[in-house]
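This report follows one helix and the strands beside it, and it is best read slowly with the structure open.

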Amino acid sequence: MARFIAWRQANGLTDPDLPIYGIFPSDTRVTAPAEFRMEICVATNRAIAPNDDGVEAATIPGGRVAALRLLGSAGEDLEPAALFLYRDWLPGSGEELRDFPLYCERKKFFPLVPAHEAITDVFLPLR
């Protein structure tokens, strides 16, 4: 996280209006800690130059999603929202998952706003 923040600062991508995303290709409940992955992203139209920080260009594909807005959370624990979408909502929805992992957008996040003012949108990609 610190390397990503430093990279954003060095590349002038610190505007608070730039969308920040987290992508979760791993499930903490079944993935060994050493193998767990989470991707942190900032939206930009700029080309991403090769760098030593491991930052590379990627695209979150468009399409249908189930969306859940979390209000007043510092966003450290998205597991209850993910479990609700996967375990409670999806089975009765008649929907099918798309081949892309759950992701979130940090609309307003701590420490830029107090934790009780934070807003995080969680997205479950659907076919």
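In this predicted model, the buried residues of helix α1 pack against two strands, β1 (20–23) and β2 (39–42). Helix α1 covers residues 2–10, and the buried residues in this helix are F4, W7 and R8. Because F4, W7 and R8 cover an arc of only 100° around the axis, they lie on the same side of α1. The other side of α1 carries A2, R3, Q9 and A10, which are exposed. Just after the helix comes G12, which takes a positive phi of about 65°.

Strand β1, one of the two strands that the buried residues of α1 pack against, deserves a careful look of its own. In a regular strand the side chains alternate between the two faces of the sheet. In β1, I20 and G22 point one way while Y21 and I23 point the other way, and all of these residues are buried.

Which strands does β1 pair with, and in what sense? β1 pairs with β2 in the antiparallel sense over four bridges, and four bridges also join β1 to strand β4 (residues 103–108), again with the strands running antiparallel. Within these pairings, Y21 stands opposite C41 in β2, whereas the bridge partner of I23 is Y103 in β4. The table sets the two pairings side by side.

| Strand pair | Sense | Bridges |
|---|---|---|
| β1 and β2 | antiparallel | four bridges |
| β1 and β4 | antiparallel | four bridges |

Taken together, β1 packs against the buried residues of α1, pairs with β2 and is joined by bridges to β4.

Note on methods: Residues are numbered from 1 along each chain as its sequence is written. This is a predicted model: local features need pLDDT of at least 70, side-chain atom pairs count only at pLDDT 80 or more; totals for chains, interfaces and linings use all residues. Side-chain values use heavy atoms; hydrogens and water are left out. Buried means under 20% relative accessible area, exposed over 50%, partly exposed in between (1.4 Å probe, protein chains only). The arc is that of the directions from the helix axis to the C-beta atoms. Contact means heavy atoms within 4.5 Å. Two strands pair if DSSP finds at least two bridges between them.
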